[in-house]
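Me: I would be grateful for a close look at a single part of this protein. Please give one connected account of the helix that takes part in a salt bridge and of its surroundings.

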Amino acid sequence: MISMIQLKQVLRNRRFVLFTILLPLAWYMFLYNIQADMLPNIMLGIAVFIGIIGNSLATFSKRISSDIGFYSFESRFSNYGIKNYLLDQTFVQIVLNALIFVVVLGAATVFAKFPINGKLGIQFFLLTIMGIYFSVIGFVLGVRLDAKLIDTVGFPVIILAALTIMPFASFRAESGFISLVAKVQRIFPGYYYTNMMNAILSGNGIQLKDMLLFITTFVLNIIPLYFLVPKVKFSKAK
């Protein structure tokens, strides 16, 4: 029930529609017009990731920051704790991120004759997992920071999140900043998402090593974030 209420509220939010639905569409059309030689699935992935990151680290985190006071107060006298709220909100985010994927894919199919193939199923699954990952980060930001501070740090956080996914290793730099970033990326699941998608699109099978490292880094990143979620948000419950 709570998940459905939250979902309806988000879908009625003009900010969500503008920045999380229309912006990825605009990015897709922009890439399609200036990078016609880019692989369609890569183009789709970039546009959807823009929507997912914006949804998780900007819109979602600010919504959590605004609502967490009520749910932390409720957790004092009911069995519905903050971590229950996290699980419900994660479900809402999965639905919203799936909506972003479907909308961008629909537009790509209609206007850009996007080729529908079996690779889309794997890509959708991987993007869903990455959406859960960024949503947990967004939830922690919402619980720990107030809305004004989120507005301040939101853009830098989004840039940092994008850096964990951008395939710096493909730049083939032997040293310097790019090489350093490429090494740091290995501790985040986005690095292995990129490897797996490149393998799929090149016609090769996903390497077991990349899949295992994707799962391992996802879990190892999520565990400390989960423990950063307090049972009660005292500062906002007063």
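Reply: The account below moves from the overall fold to helix α3 and its contacts.

The model is a predicted one. Its secondary structure consists of ten helices and zero strands. Of the 238 residues in the protein, 47% are buried. Among contacts with a separation of 6 or more, 78% join residues that lie 24 or more positions apart.

Helix α3 spans residues 40-74, and Ala47 has its place there. Ala47 has a relative accessible area of 0%, and it is therefore buried, the cut-off being under 20%. When residues up to four places away in sequence are not counted, Ala47 touches Pro24, Tyr28 and Val104. The C-alpha atoms of Ala47 and Trp27 are separated by 5.8 Å, although these residues stand 20 apart along the chain.

Helix α3 also holds Lys62, which forms a salt bridge with Asp151. The closest N and O atoms of this pair are 3.0 Å apart. Because Asp151 lies in helix α6 (residues 147-163) and Lys62 in helix α3, the pair ties together parts that are 89 residues apart in sequence. Side chains of opposite charge can pair when their charged atoms come close. A search of the whole structure finds one salt bridge.

The two partners can also be described by their accessibility. Lys62, at 23% relative accessibility, counts as partly exposed, and Asp151, with a relative accessible area of 45%, is partly exposed as well. Within helix α3, then, Ala47 is buried, whereas Lys62 is partly exposed.

Note on methods
Residues are numbered from 1 along each chain as its sequence is written. This is a predicted model: local features need pLDDT of at least 70, side-chain atom pairs count only at pLDDT 80 or more; totals for chains, interfaces and linings use all residues. Side-chain values use heavy atoms; hydrogens and water are left out. Helices (H or I, at least four residues) and strands (E, at least two) are DSSP runs, numbered from the N terminus. Buried means under 20% relative accessible area, exposed over 50%, partly exposed in between (1.4 Å probe, protein chains only). Contact means heavy atoms within 4.5 Å. A salt bridge is a side-chain nitrogen of Lys or Arg within 4 Å of a carboxyl oxygen of Asp or Glu.
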